[in-house]
Structure formats: structure tokens, C-alpha cells
Amino acid sequence: MDKEKVWKRALGELKDNVTPIAYETWIKPLGIRSIDEELNIVYIEFDEHEKNDMILRTIKNRYLPMIEDAIEGALGEHFRVVVKDVDTYRAEDIKRDQPKGKKTKRVKGLDMEKIFNPKFTFENFVVGGSNDLAYAASLAVSESPSEAYNPFFIYGGSGLGKTHLLNAIGIHALELNPDLNVLYVTSEMFTNEYIEAIKNKNMHDFNKKYRELDILLIDDIQFIEGKEKVQEEFFNTFNTLHNSNKQIIIASDRSPDKLINLQERLRTRFKWNLIVDIQPADYETRVAILNKKLSGLNFSVEENPEITEVINLIAEKVKDNVRELEGALTRVVSFSQLLHQELTVSFAKEKLKDIFTNIESTITPEKIKKEVCKYYNVKVSDIISQKKTNNIAFPRQVAMYLVREMTDFSFPNIGQLFGNRHYTTVMYAHEKIENEIKSDKNLKEVIKQIKENIMSF
Ligand code: ADP
Ligand code: MG
């Protein structure tokens with residue numbers, strides 16, 4: 001039974017039963033992973049790399065019966081439908097394959113889709129000042145594996161495109177040379193496979209799998225921190241590959257130096273060649289990412305001119321995480337379709353309220369005080385004390401200014417938070433810093449930096 005054909009037929013029916021945008025949002029990312037003809041089960045996969053429980057739940061709650069009907073129409077008899085995300089299937093596959101000691105197949109052609117998220121390509125990656133170096137280096141590595149930079153280490157905060165770039169490297173390298181043996185794993189998958197291999201006394205196959213690769217892409221390496229045996233195993237894998245001039249690409253949420261619970265010899269190796277970081281995208285890049293995403297959602301600006309304003313709103317509010325940025329957009333677009341309501345700025349504000357308040361509520365006066373003090377190297381107890389020396393008074397004024405700017409606290413409230421000061425003192429501090437920022441470029445940078453620190457977690 002040709003699953004592609006079955007799915008195509010089912011899609012035809014589904015398309016007639018849902019709105020175009022619901023189709024794009026909920027149905028299109030789905031595909032048939034396999035059909036069990038003995039048990040009459042169709043396994044549907046949800047092709048989003050990051051687990052998104054909200055989306056998965058919506059699909060199951062709202063569309064499962066419809067999908068079952070469509071599949072029944074396509075197959076001519078009733079099949080139970082199971083929906084899971086790609087990662088879950090992948091983890092199950094590894095579990096299933098391991099005990100039997102199944103050999104890894106070469107990663108070619110059809111297998112590619114199993115390993116990589118086909119959406120994470122270089123073409124789909126929006127390049128801006130925050131990630132251009134990471135992008136260029138990734139492209140170079142995928143075009144000349146083992147020659148450009150080896151190992152290649154890429155780090156940055158959550159949701160900034162590390163996994164996307166790792167996938168893009170693998171996909172592009174295979175496009176250029178389908179004979180390459182390429183593997184993408186998270187270090188968690190590596191760990192689980194290693195544990196299974198020990199349990200099943202099957203290190204031979206494990207080693208064979210990992211040590212005969214041309215390109216190893218290992219994601220989220222921070223997971224092996226503090227796991228001595230796994231680090232040892234990875235150290236050996238690393239050496240074997242590197243000694244035979246095979247490409248290793250590592251992604252991490254921190255730089256090697258900040259991976260504190262990592263063996264020194266691994267840290268040294270991670271630093272052997274190129275290390276690049278990805279920073280949060282700037283405003284223009286965020287807008288570009290949203291526009292790109294929007295075109296994928298088949299939603300045109302002509303159809304709704306106010307969407308430009310909505311995009312600006314989201315780009316302004318969601319700064320630190322591209323995943324959340326995209327999530328916010330998907331959310332408002334699909335809600336407006338499902339509720340048959342015009343996508344206006346006020347609609348978007350309403351629907352995104354919890355996302356926004358979530359971000360804003362993590363910004364507390366305590367957090368602001370803490371970050372300001374950390375920057376100026378003074379104690380929090382000092383800036384709420386009555387001390388008036390300049391090295392204390394200035395950070396205090398900066399902190400007051402930032403609390404006013406970044407929270408909803410009133411001047412009198414802020415006065416109370418800083419050792420019961422009169423609200424006019426806070427107003428004065430606020431005005432003073434505001435003016436100084438205008439004339440002092442240096443201070444402007446410092447404030448920006450502190451703001452970023454405040455918002456970074
Ligand atoms: P990380 O691995 O750094 O946590 P991901 O690579 O999973 O982040 O990215 C999160 C989401 O944001 C993905 O859907 C990815 O496609 C998207 N994304 C991140 N950066 C970009 C970018 N520069 N252009 C387009 N999409 C991006
Ligand atoms: Mg990732």
C-alpha cells in the first residue's frame with residue numbers, strides 16, 4: 001500500500017472539510033509514517049521538530065475523527081489513526097532497533113526525511129546580524145565537510161536556530177553528496193543509545209554506527225554534562241572520527257567554557273577549531289522571520305492590510321526566542337480563522353495576552369535590581385540603603401529608571417521598593433537617566449546590555 005497515495009487521497013477530502021488556514025496550520029504538517037495492515041492502524045506523524053503539545057492536542061481533539069473518516073474513505077475500510085510527533089516516533093524507533101542490534105542503514109535518499117526535519121533548510125533560514133556568522137560557517141561546513149572547520153561548535157540560547165542550522169548542514173551536505181554517511185542526534189539520543197547498548201552488550205553495533213560516519217551532527221551537547229561514562233564514550237567517538245578526518249558539528253546552549261560539568265579534555269577538543277554563537281534576532285530579522293513564516297501559512301497581506309501592524313506588534317513583544325515568535329504568529333492566524341474573526345491588532349493583543357504577560361511577568365523589580373547591581377558590582381542592600389556616594393547612587397537611579405520602564409509600577413511604588421524614598425526622587429532619577437541616555441552613547445549601550453540581561457531568563 002502506497003502511503004503517499006493514501007495520504008494524498010485523504011488530504012483531498014480533508015481539504016474540503018476545513019478552512020484553508022486550518023488546513024495549512026493543522027493538517028498540512030501531518031503525513032502518514034506507516035500503515036499497519038495487520039492491526040488496521042495508520043500512524044500519522046506530526047512534522048514539527050520541536051514538540052508542541054498545544055498543536056498536537058488540537059489536532060487530536062479537533063481533527064482526529066475527521067482524519068479517520070478521510071483515511072477510511074481513502075482505504076475503503078476503517079483504520080484506527082494514531083498521531084504522534086516525529087521525535088516521539090524517532091525515539092521509539094531507536095528503542096525498538098537497539099535490542100535486535102539492527103545495523104544502521106546508510107542515510108540516503110528516503111532515509112533523509114527520517115533523520116532531518118525537511119523544513120530546516122538554509123533556504124528557510126532568515127539571516128541577520130545576530131546569526132550571519134553562524135549561517136556562513138554552517139554553509140561552509142556543509143559544502144566542505146572536514147575541510148572548512150572541524151570540529152564546528154555552535155552555541156546560543158533556546159529557540160535561536162541551532163537545531164535548524166544543524167539540520168540544514170546535514171540536508172545540504174547530502175544534496176551535494178548523497179553517498180555521505182550523515183547522522184543527526186541529540187546528545188540525549190546518544191546517551192540513551194549508549195545505555196541500551198551496554199544493557200544489551202551490544203557496543204559493537206553502537207561503535208560501528210557512530211564511528212563510521214562521515215558527518216556527525218550532535219545537538220544539545222549540554223545534556224551530557226555531569227555524565228562521566230557518556231562523556232568518556234563521546235570522547236572516544238570524537239577522537240575516532242576526528243582522527244580519520246570526519247566532520248563533527250556540535251550545538252550547545254552555552255559556550256564550551258560555560259559547560260562547567262564537562263571533562264577538560266572534551267572542552268579542549270570543542271575549542272580546537274571554530275566556535276560561533278547565535279544571538280537573539282534583532283527587530284528587523286524578527287520581522288523578516290515572521291513574514292517568511294506568514295508566506296508559508298498562505299496568508300497574504302493583500303488579504304488583510306492590518307497584518308503588517310500585527311507582525312510589528314509580535315516582533316516588538318517576542319524578542320528572545322524565534323520559536324515563541326513563530327508560535328505567537330501561528331496562534332493569532334489560526335485563531336482568527338477558527339473563530340472567523342478579522343485579524344486586527346486588538347484581536348492579536350487579546351489572543352496573545354498570556355504569552356505577553358508571561359514574558360512581562362518574568363520581569364520583576366527584584367530581577368532588575370539584581371541585574372543592575374551585578375553590572376555595577378554593588379550590593380542590592382546598598383541601593384535600597386540610604387547611602388549617597390556616587391558609586392551607589394548612580395546604579396540606584398539606573399535601577400529606578402529601569403523598573404519604571406520595564407514594569408507597571410508607579411513612581412510612589414518604586415520609591416517604596418528603594419528604601420521608602422519619596423516619589424519625586426524616583427521621578428528625578430527617571431528623568432535624569434532618560435536625558436543622559438540621549439547624550440551619552442556609552443550609557444545607552446550599558447542600559448541596553450542590562451535590559452538584555454534582565455530579559456534573558
Ligand atoms: P534551537 O535549537 O536553537 O533551540 P531551533 O533551531 O529549534 O532553535 O529554532 C526554533 C524555531 O525557530 C524553529 O522552527 C526554526 O525554524 C525557527 N528559526 C530560528 N531561527 C530562525 C531563522 N533565522 N530563520 C528562520 N527560522 C528560524
Ligand atoms: Mg535545538
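The legends below describe close-up views of a predicted model.

**Figure 1. The whole chain, as a frame for the close-ups, has 22 helices and eight strands.** The C-alpha trace spans about 80 × 60 × 35 Å along its principal axes. The protein chain has 457 residues, and buried residues make up 49% of them. Two C-alpha pairs give a sense of scale. Asn40 and Val380 are 340 residues apart along the chain, and their C-alpha atoms are separated by 65 Å. Ile450 and Leu75 are 375 residues apart in sequence, with 60 Å between their C-alpha atoms.

**Figure 2. The shell around ligand 1 consists of 18 residues.** The closest are Val126, Gly159, Lys162, Thr163 and His164. By class, the shell divides into six nonpolar, eight polar and four charged residues. Two helices each supply at least two residues of this shell: H7, residues 162-176, and H14, residues 322-338.

**Figure 3. Polar contacts to ligand 1 involve Val126, Asn131 and Thr163.** Val126 uses its backbone: an N or O atom there lies 2.8 Å from a nitrogen atom of the ligand. Asn131 uses its side chain, where a polar atom lies 3.2 Å from a nitrogen atom of ligand 1. Thr163 also takes part through its side chain, with an N or O atom 2.7 Å from an oxygen atom of ligand 1. How much of the ligand does the protein bury? Ligand 1 exposes 560 Å² when taken alone, and the protein buries 93% of that.

**Figure 4. One cavity of 30 Å³ or more is present in the structure.** Rolling a probe the size of a water molecule over the atoms shows where empty space is left. The volume of the largest cavity is about 30 Å³. Which residues line the largest cavity? They are Thr121, Phe122, Glu123, Ala168, Ile171, His172 and Glu175. Sorted by class, this lining has three nonpolar, two polar and two charged residues.

**Figure 5. Arg267 sits in helix H11, which covers residues 264-270.** Is Arg267 buried or exposed? Its relative accessible area is 10%, under the 20% limit, so Arg267 counts as buried. The side chain of Arg267 has a polar atom that lies 3.3 Å from the backbone oxygen of Pro256.

**Figure 6. Two buried residues in helices are Phe206 and Ile450.** Phe206 belongs to helix H9, residues 203-211. Phe206 has a relative accessibility of 1% and is therefore buried. Tyr194 is twelve residues from Phe206 along the chain, and the two C-alpha atoms are separated by 7.1 Å. Ile450 lies in helix H22, residues 441-455. Ile450 has a relative accessibility of 0% and so counts as buried.

**Figure 7. The peptide bond from Asn150 to Pro151 is cis.** Its omega is near 0 degrees. Most residues other than glycine have a negative phi, and most peptide bonds are trans. Where is Pro151? It lies in the loop between helix H6, residues 132-143, and strand S4, residues 152-156.

**Figure 8. Positive phi values occur at Asn245 and His340.** Asn245 has a phi near 60 degrees. This residue is in the loop between helix H10, residues 228-243, and strand S7, residues 247-252. Asn245 is partly exposed, because its relative accessibility is 48% and the exposed class requires over 50%. His340 has a phi near 55 degrees. The loop that holds His340 runs between H14 and helix H15, residues 345-351. At 66% relative accessibility, His340 is over the 50% limit and so counts as exposed.

**Figure 9. Asn40 is in the loop between strands S1 and S2.** Strand S1 covers residues 30-36, and strand S2 covers residues 41-46. Asn40 has a relative accessible area of 21%. The buried class requires under 20%, so Asn40 counts as partly exposed.

Key
Residues numbered from 1 in each chain as written. Chains lettered and ligands numbered in written order. Predicted model: local features only at pLDDT ≥ 70, side-chain atom pairs only at ≥ 80, totals over all residues. Heavy atoms only, no water. Near = heavy atom within 4 Å. Polar contact = N/O pair within 3.5 Å; in protein donor to acceptor, adjacent residues only side chain to side chain. Areas by Shrake-Rupley, 256 points an atom, 1.4 Å probe, with all protein chains shown as cover. Helix = DSSP H or I, 4+ residues; strand = E, 2+ residues; numbered from the N terminus. Nonpolar A, V, L, I, M, F, W, Y, C, P; charged D, E, K, R; others polar. 1 Å grid on protein atoms, 1.4 Å probe; cavity = no way out; pocket = protein on both sides within 12 Å on 5 of 7 lines; lining within 4 Å. Points joined across faces, edges and corners; volume = space filled by probe spheres on them. Buried < 20%, exposed > 50% of the residue type's maximum accessible area, 1.4 Å probe, protein only.
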